[in-house]
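Please keep the sequence and the model side by side as you read, and follow the chain from its overall form to its interior and then to a few single residues.

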Amino acid sequence: MQTIDRESVGSARVAIVGGIHGDEPAGVRIVERLADELDPLDSADRGESDGDTGSEGLVRLILANEPAIEAETRYTDADLNRAFPGDADSDEYERALAPRLTAELQGFDAVLALHTSHSAPPPFAIFSDLTESVRRTVTGLPVDHAVDASGLRSTTLDSTIPHTVSIEVGRQGSEEAAEFGYEACLAFLRVHGALADEPPTFSETTVVKGSEEVPKGGGEPHVHFANFEAIPEGAVFAEDDVHTHRVDEPGVVPILASENGYDDIFGMYGRVTGVLKPPGEGDPRVYPRDGAED
């Protein structure tokens, strides 16, 4: 794990994590680019030491899974984003890495974890605990949708580290993902006061509640609907030689829909539950809206 600390223009302590999965190069490129462009941390004047989480503003950039990054593989022993909170004594590299990464993020006001996938655009955010900081991040990112993953896995970074949002920045290996993710990181830094090159912007964000994974069997896979596209009642979302997944109720949309992105699932089902409003426009909760099932 590589940790790079940079100056924040404000008092917020924020972190950006790339390389949780070693075969997702966009996050690595974005972290390295930010490390080159942001002002170095003057630790001598601050009297800071490695790992300090005092009151001074800070931008922490992390390349999480260096062996997997080097090998250009998702993980070496276990999926890091399924291994939290981890076990420092584990023989599995990622399971032992998880508590070390957790320690590097303790006490931060906001964390953004970068991901890509084989799923089609658009980019979207993911959160598990809707704090005020998370509301600020989600509505400040240039995305239209955010997935509420609180009912799904409890072993991901965003389900374990307070004030964390994950973002799917685009298709794995694409130049568009690296560029979009970089701009998203700048937006993240602006909305938390760590970057003052231009004012932050906020917008209402549609929230989709993740409900269940859609299993894949074997043979030739077919997916018939894109991310966040409403699946008509009675329509087949995905199928292969083992499964035919027909949706029997209205209001269901796919999340991370992909034919070949995962070995065991086609993606997930979700439902639009409402909108998240920008800071200053009510409480940090999801507000129902008319047509929430569109």
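A residue is called buried when its relative accessible area is under 20%, and exposed when that area is over 50%, with partly exposed residues in between. Leu58 has 0% relative accessibility, so it counts as buried. The model in which this residue sits is a predicted one, and it is worth looking at the whole before returning to the detail.

The secondary structure of the protein consists of 7 helices and 14 strands. The radius of gyration is 19 Å, close to the 19 Å that the globule rule gives for 294 residues, and therefore the protein is as compact as a globular protein of that length. Measured out along the principal axes, the C-alpha trace spans about 65 × 45 × 35 Å. Of the 294 residues, 52% are buried. Among contacts between residues at least 6 apart in sequence, 70% join residues at least 24 apart.

The outside can be described in a similar way. About 12,600 Å² of the protein is exposed, and carbon and sulfur atoms supply 45% of that area. The protein carries 22 positive and 57 negative side chains, while the centres of these two sets lie 4 Å apart.

Turning to the interior, the largest nonpolar core has 40 residues, of which Ile16, Leu34, Leu112, Leu114, Leu141 and Leu189 touch the most other members. Several elements each supply at least two residues of this core, among them strand β2 (13-18), helix α1 (25-37), strand β4 (110-117) and helix α7 (175-191). The largest share, 8 residues, comes from α7. Which residues does Leu112 contact, once its neighbours within four places in sequence are left aside? Its partners include Ala15, Ile16 and Val17, as well as Thr137, Leu141, Val165, Ile167, Cys185 and Phe188.

A second, separate core has 19 residues, and Ala15, Leu58, Ala98 and Phe108 are included in it. Here we meet Leu58 again, which lies in strand β3. Leaving aside neighbours within four places in sequence, Leu58 is in contact with Asp5, Arg6, Ser8, Ala12, Arg13, Val14, Leu41 and Phe108. Although Leu58 and Ser11 are 47 residues apart along the chain, their C-alpha atoms are separated by 7.3 Å.

Helix α3 (residues 66-71) contains Pro67, which counts as partly exposed at 33% relative accessibility. Beyond its neighbours within four places in sequence, Pro67 is in contact with Thr76 and Tyr93. The C-alpha atoms of Pro67 and Gly22 are 7.7 Å apart in space, while the two residues are 45 apart in sequence.

Some details of the backbone remain. The loop between α3 and α4 (93-104) holds Pro85, and the peptide bond joining Phe84 and Pro85 is cis, with omega at about 5 degrees. Glu72 is also placed in the loop between α3 and α4, and although Glu72 is not a glycine, its phi is positive, at about 55 degrees. With 66% relative accessibility, Glu72 counts as exposed. A positive phi, near 65 degrees, is found as well in His163, a residue other than glycine. His163 lies in the loop between α6 (157-160) and β7, and its relative accessible area of 27% makes it partly exposed.

Definitions and conventions: Residues are numbered from 1 along each chain as its sequence is written. This is a predicted model: local features need pLDDT of at least 70, side-chain atom pairs count only at pLDDT 80 or more; totals for chains, interfaces and linings use all residues. Side-chain values use heavy atoms; hydrogens and water are left out. Helices (H or I, at least four residues) and strands (E, at least two) are DSSP runs, numbered from the N terminus. The radius of gyration is taken over C-alpha atoms; the globule rule is 2.2 Å times the number of residues to the power 0.38. Buried means under 20% relative accessible area, exposed over 50%, partly exposed in between (1.4 Å probe, protein chains only). Contact means heavy atoms within 4.5 Å. Accessible areas come from the Shrake-Rupley method with a 1.4 Å probe; for residues, only the protein chains shown count as cover. Lys and Arg count as positive and Asp and Glu as negative; His and the chain ends are not counted. The place of a charge is taken as NZ of Lys, CZ of Arg, CG of Asp or CD of Glu. A nonpolar core is a set of buried Ala, Val, Leu, Ile, Met, Phe, Trp, Tyr and Cys residues joined through side-chain atoms within 4.5 Å.
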